[in-house]
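This report describes how one protein chain is put together. Please examine the sequence and the structure before reading on.

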Amino acid sequence: MRVTARTLAAGTALAVLCATAAAAQRATGAVRVEVTDNSGARLPGVEIVATAVDGRVLTAVTDRLGIHVFPSVTAGPVMVRLRREGFAGALVGTTVEPGEESRVAQRLEIAPVVESVVVEAPAPVDPAPPPPPPPAPPSPPAPRLPIMQPVPPHDRDSVCGPAKAALSTESLATIKSTRYVAEGGLYTTGSQILVEGGTDKGLEVGQNLVVRRHFRVERLAGSDATGEHSAGLVQIVGASERSSIAVVVYACDDFRAGDFLARFSPEPVRAAEPEGAPNFDNAARILFGDEGQILGAPRRLMVIDRGSGQGLRVGQRLTLFRRRGGRPDVVGDAVVVAIRSDSATIRVDRVSDTISSGDMAAPRTPALRE
């Protein structure tokens, strides 16, 4: 009987420990922090300090997309402090649910400039008047801020997404250097850049241009391929024959010397088409994601191998799937945000698994109304 009692006690203790460990695993969740500036552009380099309900302090910095995810945070209230030089800080609260991902989306405003004025009292005794000083040279005129033209409304995902590089690259000019660079060497809204190319290349004041560069996509369909990354939008504010000055309208990513400028064709914001039946027999293939990204997730942008030449259109919904045993295994859905004749850029809206090159995208056709 003593052996049986000891065995029973040991089993009970083991069950309690397992239950406690399972409860500890369930008592954490993830916190996804997304930071933008006051124009809505993604803001990298933001210091994050997250304080959990148990007093644990987690620190990190947002990546080039203005995002950071804390994968394991104690469930309960969490305070998230955001700070970046040149911007007003922010303190945001959220609640972490066990096994769930909480999202903190915060916009940081540019910090106001504070000036100090020192007032000195006059001397108690008036001294003899000094000889009159020589006349001061005239002050240089204050620099004039560039006057920008309104930018047509458009879908920013159609600018910021990747694309399949065209056979002949359209390059009106290239970025030469910066005039006023932000902290960390990043270009932000309002930064001025010097452009190698001017009226000789057809540039003119008020013209909007997309900043692009090429990147290598390894082993696509058995061989290397070239992708095209868009870093943002600029507007020409001054142009001479061989050089120009542009102002950053917004930046999707960092600009680099040597990036080329292409024409801006505004794609209006379109609501996604109604749900329809996917055509699995006429599916496109996913080629690649954006520069530095190999997997697709919600809000990520990817490129498929069909475009307007194959009947696709902006706003069309797609069903993402992969074939298992000859049958389609649905893993998410997406919508077309930009299109070319032989390819298109899609935005991933929902996934049940990560999306990668080689997965398929079946176009949906809304049912005809009687």
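The sections below treat the chain as a whole, its nonpolar cores, one strand and its partners, and a group of charged side chains.

## The chain as a whole

The structure is a predicted model. Its protein chain contains two helices and 23 strands. Of the 370 residues in the chain, 38% are buried.

Among contacts with a separation of 6 or more, 65% are between residues 24 or more positions apart. The chain exposes about 21,500 Å², and carbon and sulfur atoms supply 55% of that area.

## Nonpolar cores

In soluble globular proteins, nonpolar side chains tend to be buried together. In this model, the largest nonpolar core comprises 21 residues. Val33, Phe70, Val73, Val80, Leu82 and Leu108 have the most contacts inside it. At least two residues of this core come from each of the strands E1 (28–37), E2 (47–51), E3 (57–61), E4 (67–74), E5 (76–83), E6 (90–96) and E7 (101–108). Another core, of 16 residues, lies apart from this one, and Ala246, Val248, Phe255 and Leu261 are among its members.

Which residues does valine 80 contact, leaving aside its neighbours within four places in sequence? They are Val33, Ile48, Val49, Ala50, Ala90, Leu91, Val92 and Val104.

## Strand E2 and its partners

Strand E2 has two faces: Ile48 and Ala50 lie on the covered face, whereas Glu47, Val49 and Thr51 lie on the uncovered one.

E2 pairs with E3 in the antiparallel sense, over five bridges. In this pairing, alanine 50 has leucine 58 of E3 as its bridge partner. E2 and E3 form a hairpin with five residues between them, and glycine 55 in the turn has a positive phi of about 90°. E2 also runs antiparallel to E5, to which it is joined by five bridges. Here alanine 50 stands opposite valine 80, a residue that is also in contact with Ile48 and Val49 of E2.

## A network of charged side chains

Side chains of opposite charge can pair when their charged atoms come close. The whole structure holds 26 salt bridges. In one of them, the side chains of arginine 64 and aspartate 253 meet at 2.6 Å, N to O. This pair links distant parts of the chain, 189 residues apart: arginine 64 is in the loop between E3 and E4, and aspartate 253 is in the loop between strand E13 (243–251) and strand E14 (260–263). Are these two residues buried or exposed? Arginine 64 has 31% relative accessibility and therefore counts as partly exposed. Aspartate 253 has a relative accessible area of 6%, so it counts as buried.

Aspartate 253 also forms a salt bridge with arginine 213, at 3.5 Å, N to O. Arginine 213 is in strand E11 (residues 208–220), 40 residues from aspartate 253 in sequence. Because its relative accessible area is 6%, arginine 213 is classed as buried. A further salt bridge joins arginine 256 to aspartate 254, with the closest N and O atoms 3.5 Å apart. Arginine 256 is partly exposed, its relative accessible area being 36%. Through salt bridges that share partners, Arg64, Arg213, Asp253, Asp254, Arg256, Asp259 and Glu291 belong to one network.

Methods:
Residues numbered from 1 in each chain as written. Predicted model: local features only at pLDDT ≥ 70, side-chain atom pairs only at ≥ 80, totals over all residues. Heavy atoms only, no water. Core = buried A, V, L, I, M, F, W, Y, C linked by side-chain atoms within 4.5 Å. Buried < 20%, exposed > 50% of the residue type's maximum accessible area, 1.4 Å probe, protein only. Helix = DSSP H or I, 4+ residues; strand = E, 2+ residues; numbered from the N terminus. Contact = heavy atoms within 4.5 Å. Salt bridge = Lys/Arg side-chain N within 4 Å of Asp/Glu carboxyl O. Pairing = 2+ DSSP bridges. Areas by Shrake-Rupley, 256 points an atom, 1.4 Å probe, with all protein chains shown as cover.
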